[in-house]
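I wanted to follow one helix through this structure and see what it touches. Here are my notes.

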Amino acid sequence: MMVRSYVDKPNCIILAISPANQDIATSDAIKLAREVDPTGERTFGVVTKLDLMDAGTNCLDVLEGRSYKLQHPWVGIVNRSQADINKNVDMMAARRKEQEYFESSPDYGHLAPKMGSVYLAKLLSRHLELVIRQKIPSIIALINKNIDDINAELDRIGRPIGADGGAQLYTILELCRAFDRVFKEHLDGGRPGGDRIYGVFDHQLPAAMKKLPLDRHLSTSNVRKVVSEADGYQPHLIAPEQGYRRLIDGSLGYFKGPAEASVDAVHFILKELVRKSMAETVELKRFPSLQASIAAASNEALEKFRDESRKTVNRLVEMESTYLTAEFFRKIHESDNNPRDDKHSNASGPNADRYNDYHFRKIGSNVSAYVGMVCDTLKNTIPKAVVYCQVREARRSLLNLFYAQIGRKEKEQLGKMLDEDPSLMEKREVLAKRLQLYRSARDEIDSVAWK
C-alpha cells in the first residue's frame, strides 16, 4: 500500500497517530510502525481527540508509556473541532485553545509542557536535526561520489568551450597537439604502424629492384644494337664509350620505378597513420567538423611531402646517370687489355675484336657490374631521401599548414569547426546543472554541519 512504501524507507520518521477513544493495541498505525521499525528508533506516537473521551476516562496509561512503551515519548494533541472549523477559527487561536486545555485539565495538567502540536513540532525538529547530523558524513560521501561521477562523464564527453574566439582557438590548438602526439607515437613505435615504413625499405624496395628487366636490356643482341647505334657511321676507336653511356642511362632509368613506388608506399602508410591517429584521439571525437579539417590539412601536407620526395629520389637516380664513376671503368679497360683475353679476339681487323659476341657480352657484363654497384648505393640513399622528405617532415610539420589556416579564421569560422551533436550539448548542459546543484548542496551542508 502507498503508506507502507514511504515508511519502509530507513530515513523516514513515522508518526503513528491513534485516536484516544480507540484501543491502542488494535491501532493500525502502531501495527504498521512495529512491522517496519521494530526497534522504534523512527516511531513517534501521537494521540488525538483527548477532549472527546468519555467522562471519567483518560489516556494517561498511553501517554506515560505504561500500556505501550515507545523509544520516544508519546505526545497528545487536541485539534480543531468541526464547530471550530465551521466558525473559521484560525490555527493560532486553535493552538492557544489546545494549550489552555492541557494546562487546565486535571488529568493532563502535569504533562502540559510536553503536550500539544507546538511541542510535537519542536520534538520532531530536534529529532530531525539529530538524524541529519548523524547522516551528514554519508550524505557528503554520496554527494562527493555523484560529483566525481559527473566530472568523469564530463571529461568523457568533453568540457564546455568558451564562447570567445581566443578560447576557441586555444581549444583547437590543444586538440591538434593531442592528435599530433598520437601520430608521433605511431611513427616512433609507441603505437603500431611505423614499422611498416621500414618494411618498405627492407623488403619492397630490394624486391622491386631485383625484378627490373636488366637482363633483357643488357642481352647481347640489345648491347650490339645500342653500341652500333651509338657509334653511328664512324665506329669507336678504343672502347665504345657512347655505347656504355647509353646502356648505363637506359639501365639506371629503370630505377625510377622502384624509387617512386617506395615514395608512394610510404605516403600510403602515412595517410593510414593519420586516419588511425584521428580515430584514436578521444578528444577529437566530439568535433566531426574539426576532425575533417585536420584530416584534410594533414593529407594535403602529406601530398606536398610526397611530391618533394619523388623529385628527390628521381634526382638521386639522375645524378648516378649524369656523372659516372671513372675509376670503375679504368679498371675495366685494364682488364680488357689483359693478354689472357686475346684468345677471345678476332684479329681480322683493328676494331673487329670489339664487334664479336664475346666483347658484346663483356660490355653487357661490365655495365651490369656498374649498375649493380649503383643499385647497392640507391638501396641506401633512396630510404634516406624518403625518410628525410616524408617521414621527418610529417613528424615535424604535419599540421603547420593547418595552423596557418586557422590563424586567419574569424570567430564564427572557429565556432563552426567546433560544432557538436546537439544531443551531446544538451547532455553536457544537464550534467553541468546537476554538478552545480551538488556543489551548492555540499557547501550548504558544510556551512551548517558543525554549528
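**Helix α7 and its neighbours**

I began with the packing: the buried residues of α7 (under 20% relative accessible area, 1.4 Å probe, protein chains only) touch α8 (195-210), α12 (256-280), α13 (288-322), α15 (357-397), α16 (400-406) and α17 (411-417). Contact here is heavy atoms within 4.5 Å, and helices are DSSP runs of H or I, at least four residues, numbered from the N terminus.

I noted that this is a predicted model, where local features need pLDDT of at least 70 and side-chain atom pairs count only at 80 or more, while totals for chains, interfaces and linings use all residues. Residues are numbered from 1 along each chain, and side-chain values use heavy atoms, leaving out hydrogens and water.

I checked the length of α7 (residues 165-188): its 24 residues should span 34 Å at 1.5 Å a residue (1.5 Å times one less than the number of residues), and the end C-alpha atoms are 34 Å apart, which agrees. Just after α7, I found G189 with a positive phi of about 105°.

Next I looked at α13, which packs with α7 at about 55°, axes 12 Å apart. That makes the pair oblique, meaning an angle outside under 35 degrees (roughly parallel), over 145 (roughly antiparallel) and 65 to 115 (roughly perpendicular). I saw I172, L175, C176 and F179 of α7 meet L290, I294 and S298 of α13.

Which residues of α7 meet α12? I listed F179, V182, F183, H186 and L187. The axes of α7 and α12 come within 9 Å and cross at roughly 130°, so α7 and α12 are oblique to each other.

Technical notes: Helices (H or I, at least four residues) and strands (E, at least two) are DSSP runs, numbered from the N terminus. Axes are lines fitted to C-alpha atoms, for helices over the stretch in contact, and angles run from 0 to 180 degrees between N-to-C directions.
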